[in-house]
Amino acid sequence: MKISKQNAQHYIWGDQCDGWHLVQNKELSVIHERMPPDTSEVRHYHVHSQQFFFVLSGEAELEVNGETARLHAHEGVEVPPGIPHQMKNTSDADVEFLVISHPQTRGDRIAAD
């Protein structure tokens, strides 16, 4: 079955960010996310899950273990388990990106300092 933002399970995170579950099972999670300008997620890490962040449109900053990468459309970064990270939108436009996690992150997120 085809999946898109139009028919995927939607949720809101933070104050005004959107997520759409494109794939959601125990072994794999694929989420299409949208972050408006001047938003960020809480810095955290995952004990078991590795993740890949891939920007679809706009620009984002992904801080991984103290180093920040500016990601443009069609660029991504892998984050291994146990590594603190934080996605930010410091631009003046929305950023849309995919977060691919293996295994899924449910119950595997720990806040980092």
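This briefing walks through the strands, salt bridges, main pocket and unusual backbone spots of one protein chain. The model is predicted. Its open sheet has 6 strands, paired in the antiparallel sense. A search of the whole structure turns up 7 salt bridges. The largest pocket has a volume of about 470 Å³.

**The sheet**

- The strand order across the open sheet is β1-β2-β3-β11-β6-β9.
- The edges belong to β1 (9-13) and β9 (76-79). Each has a single partner strand, so one side of each is left without a neighbour in the sheet.
- Neighbouring strands of this sheet are turned against each other by 20 degrees on average, with direction ignored.

**Strand pairs and turns**

- Start at the β1 edge. β1 and β2 run antiparallel and are joined by 5 bridges.
- One residue in this pairing is Ile12, whose bridge partner in β2 is Asp18.
- β1 and β2 form a hairpin, with 3 residues between them. Gly14 sits in that turn and has a positive phi of about 60 degrees.
- Next come β2 and β3, which also run antiparallel. This pair is joined by 6 bridges.
- Val23 has Val30 as its bridge partner in β3.
- A hairpin of 4 residues joins β2 to β3.
- Now go to the β9 edge. β6 (residues 50-57) pairs with β9 in the antiparallel sense over 4 bridges.
- Phe53 has its bridge partner in β9, namely Val77.

**Salt bridges around Arg34**

- Side chains of opposite charge can pair when their charged atoms come close.
- Arg34 forms a salt bridge with Asp18. The closest N and O atoms are 2.6 Å apart.
- This pair links distant parts of the chain. Arg34 is in strand β3 (residues 29-35), Asp18 is in strand β2 (residues 17-24), and the two are 16 residues apart.
- Arg34 and Asp18 are both buried.
- Why does Arg34 count as buried? Its relative accessibility is 16%, and buried means under 20%.
- Arg34 also forms a salt bridge with Asp94, with the closest N and O atoms 3.3 Å apart.
- Asp94 lies in the loop between β10 (85-89) and β11 (95-102), while Arg34 lies in β3, so this salt bridge ties together parts that are 60 residues apart in sequence.
- Asp94 is partly exposed, at 35% relative accessible area.

**Another salt bridge, and a network**

- The side chains of Glu61 and Arg70 meet in a salt bridge, at 2.8 Å from N to O.
- Glu61 is buried, with a relative accessible area of 18%. Arg70 is partly exposed, with 37%.
- Salt bridges that share partners join Asp18, Arg34 and Asp94 into one network.

**The largest pocket**

- The largest pocket is lined by 24 residues.
- Which lining residues are closest to its centre? They are Tyr11, Ile31, Glu33, Thr105 and Arg109.
- Several strands supply at least two lining residues each: β1, β2, β3, β5 (44-46), β6 and β11.
- β3 gives the largest share of the lining, with 4 residues.
- The lining divides into 9 nonpolar, 11 polar and 4 charged residues.

**Unusual backbone spots**

- A cis peptide bond joins His102 and Pro103. Its omega is about -15 degrees.
- Pro103 is in the loop between β11 and β12 (109-111).
- Asp38 is not a glycine, yet its phi is positive, near 60 degrees.
- Asp38 lies in the loop between β3 and β4 (39-40).
- Is Asp38 buried or exposed? At 66% relative accessibility, Asp38 counts as exposed, because exposed means over 50%.
- His74 is not a glycine either, and it has a positive phi of about 70 degrees.
- His74 is found in the loop between β8 (67-71) and β9.
- His74 counts as exposed, at 59% relative accessibility.

Notes:
Residues are numbered from 1 along each chain as its sequence is written. This is a predicted model: local features need pLDDT of at least 70, side-chain atom pairs count only at pLDDT 80 or more; totals for chains, interfaces and linings use all residues. Side-chain values use heavy atoms; hydrogens and water are left out. A salt bridge is a side-chain nitrogen of Lys or Arg within 4 Å of a carboxyl oxygen of Asp or Glu. Buried means under 20% relative accessible area, exposed over 50%, partly exposed in between (1.4 Å probe, protein chains only). Two strands pair if DSSP finds at least two bridges between them. Axes are lines fitted to C-alpha atoms, for helices over the stretch in contact, and angles run from 0 to 180 degrees between N-to-C directions. On a 1 Å grid over the protein atoms alone, a cavity is a set of points where a 1.4 Å probe fits but cannot get out, and a pocket is an open set with protein on both sides within 12 Å along at least five of seven lines; lining residues have an atom within 4 Å of a point. Grid points are joined across faces, edges and corners, and a volume is the space filled by probe spheres set on the points. Ala, Val, Leu, Ile, Met, Phe, Trp, Tyr, Cys and Pro count as nonpolar, Asp, Glu, Lys and Arg as charged, and the others, Gly among them, as polar.
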